[in-house]
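Q: Could you take me slowly through one part of this structure and then show me how the parts around it are arranged? I am a first-year student, so please spell out the reasoning as you go.

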Amino acid sequence: MARLRIRDIAEQAGVSPATVSRYLNNQPGQMTEATRARIAEVIDRTGYRPRTAARNLRSERSRLLGVVLADVSNPYSSAMLESLSGRAAELGYSLMTAFSAGDARVEAAALERLLDAGVDGVIVNTCGGNDDAVRATARRVPTVLLDRAVEGAELDVVTSNNVELMGGLVRELAHAGCTKIRLLTEEADSSPVRRVRAQAFEAACGAHVAEGAIVAFEAEAGRATAQIDACLVEAAGGKLGLIAVNGLVFLRMVEAIAAVGPVLPEGLRIATFDDYPWNHVLFGGVTTAAQDTDEIARRVIERLLERIEAQTTRVGASAHLEPVHVEVAGTILRRSSTR
């Protein structure tokens, strides 16, 4: 069976091919509702699908969005990628994805490859230490930063309300009777998010508990377990609270605790960022600061498309849109680990 063409749809709907083209490109102009309904009926009945590649050539868009994520091993990244992909697909876009593995050089090379591939815009979850490359990318295509800002750059940023979430976890542990709290984090300080959470931790501890301290380690290193073991020994002397700064650190913390036994040691309370299925069952349920990845993805994609549309239509250049800093509210999920 021959492939349907725009003029075939136009003949059946009793309109011109140009009218069908305007309908498909969501540019109805003065088109009446009756005309739109006739075109829609023919398209539904025939199962017609436009040739995306040809339409993209006419609009000078690839309908591809580039995404660079910092750490594929972090469960947050996979959850975010799933949400970004779903939202982009709903709006007729596909993703080209790269992971930097926390390496600024890899990130810079990935950005260049995405630009060479002709993406319409880029979403960057920067690993840090790569500000010049991110700024250079933003000068070439619309760019939105995911979760991590670039200091001194006037770029859109969409992230979580990390300060409030960290404060909520500290309060949960304080209410559970903890007089001392330790924040388990990664040794490298390149992540703006970890820095924000560490600063918020110190401020909240000053207001709610007698003693707060940050325990930093390389999440992949064996000595992480030794440092957590030291915290478990400390818990034996009284109520100690541990907060994992992200999902990757949380897994290291769980490995060390599980080596002691299937239940939390007496005197220990724990909490973490990022909610995953295992948080619901480990130790009877772990209190979690859950980020709203679906809403973050929605805001990121929609802001990027706003910039792409502004640049493409030239109804005000993309650069004339004022940068926004969006903080999407997360939720403290109280579970057995702090009761």
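A: Let us begin with one residue, Leu-69, in what is a predicted model. Leu-69 has a relative accessibility of 1%, and because buried means under 20% relative accessible area, Leu-69 counts as buried. This residue belongs to strand 1, which covers residues 64-69. Leaving aside residues up to four places away in sequence, Leu-69 touches Ser-77, Leu-81, Ala-98, Phe-99, Ser-100, Asn-125 and Leu-146. Leu-69 and Glu-107 stand 38 residues apart in sequence, while their C-alpha atoms are 8.5 Å apart in space.

From this single residue we can turn to a sheet and the helices that lie across it. The sheet is an open one of 6 strands, arranged in the order 7-6-8-9-10-12 with mixed pairing. At its edges are strand 7 (211-217) and strand 12 (331-333), each of which pairs on one side only. Neighbouring strands of this sheet are turned against each other by 20° on average, if direction is ignored. As a general point, strands of a sheet pair through backbone hydrogen bonds, and they may do so in parallel or antiparallel fashion. Strand 8 (residues 240-244) and strand 9 (residues 268-273) run parallel and are joined by 5 bridges, and within strand 9 the bridge partner of Ala-244 is Thr-272.

Helix 8 lies across strand 6 (180-186), strand 8, strand 9, strand 10 (287-290) and strand 12, and runs at about 165° to strand 9. Helix 8 holds 14 residues (residues 162-175), and at 1.5 Å a residue these should span 20 Å, which agrees with its end C-alpha atoms being 20 Å apart. Because 10 of the 14 residues of helix 8 are buried, this helix is largely enclosed by the rest of the structure. Among the buried residues of helix 8 are Asn-162, Leu-165, Met-166, Leu-169, Val-170 and Leu-173. Helix 8 is followed by Gly-177, whose phi is positive, near 95°.

Helix 11 (residues 247-260) also lies across strands of this kind, namely strand 6, strand 7, strand 8 and strand 9, and runs at about 155° to strand 9. For helix 9 (residues 192-208), the 17 residues should span 24 Å at 1.5 Å a residue, and the end C-alpha atoms are indeed 24 Å apart, which agrees. The buried residues of helix 9 include Pro-192, Val-193, Arg-194, Phe-201 and Cys-205, and what covers the buried residues of this helix includes helix 8, strand 6, strand 7, strand 8 and strand 9.

Finally, consider how some other helices pack. The axes of helix 1 and helix 2 (residues 17-24) come within 8 Å and cross at roughly 105°, and because angles of 65 to 115 degrees count as roughly perpendicular, helix 1 and helix 2 are roughly perpendicular to each other. Their contact is made by Ile-6, Arg-7, Ile-9 and Ala-10 of helix 1 together with Pro-17, Val-20 and Leu-24 of helix 2. Helix 1 (residues 6-13) also packs with helix 3 (residues 33-46), at an angle of about 120° and with the axes 9 Å apart, which makes helix 1 oblique to helix 3. Helix 1 passes helix 3 in a right-handed crossing, and among the residues that make this contact are Ile-9, Gln-12 and Ala-13 of helix 1 and Arg-38, Ile-39 and Val-42 of helix 3.

Note on methods: Residues numbered from 1 in each chain as written. Predicted model: local features only at pLDDT ≥ 70, side-chain atom pairs only at ≥ 80, totals over all residues. Heavy atoms only, no water. Helix = DSSP H or I, 4+ residues; strand = E, 2+ residues; numbered from the N terminus. Buried < 20%, exposed > 50% of the residue type's maximum accessible area, 1.4 Å probe, protein only. Contact = heavy atoms within 4.5 Å. Expected span 1.5 Å × (residues − 1). Pairing = 2+ DSSP bridges. Axes fitted to C-alpha atoms, helices over the stretch in contact; angles between N-to-C directions. Parallel < 35°, antiparallel > 145°, perpendicular 65-115°, else oblique. Left-handed = near helix turned anticlockwise from the far one by under 90°.
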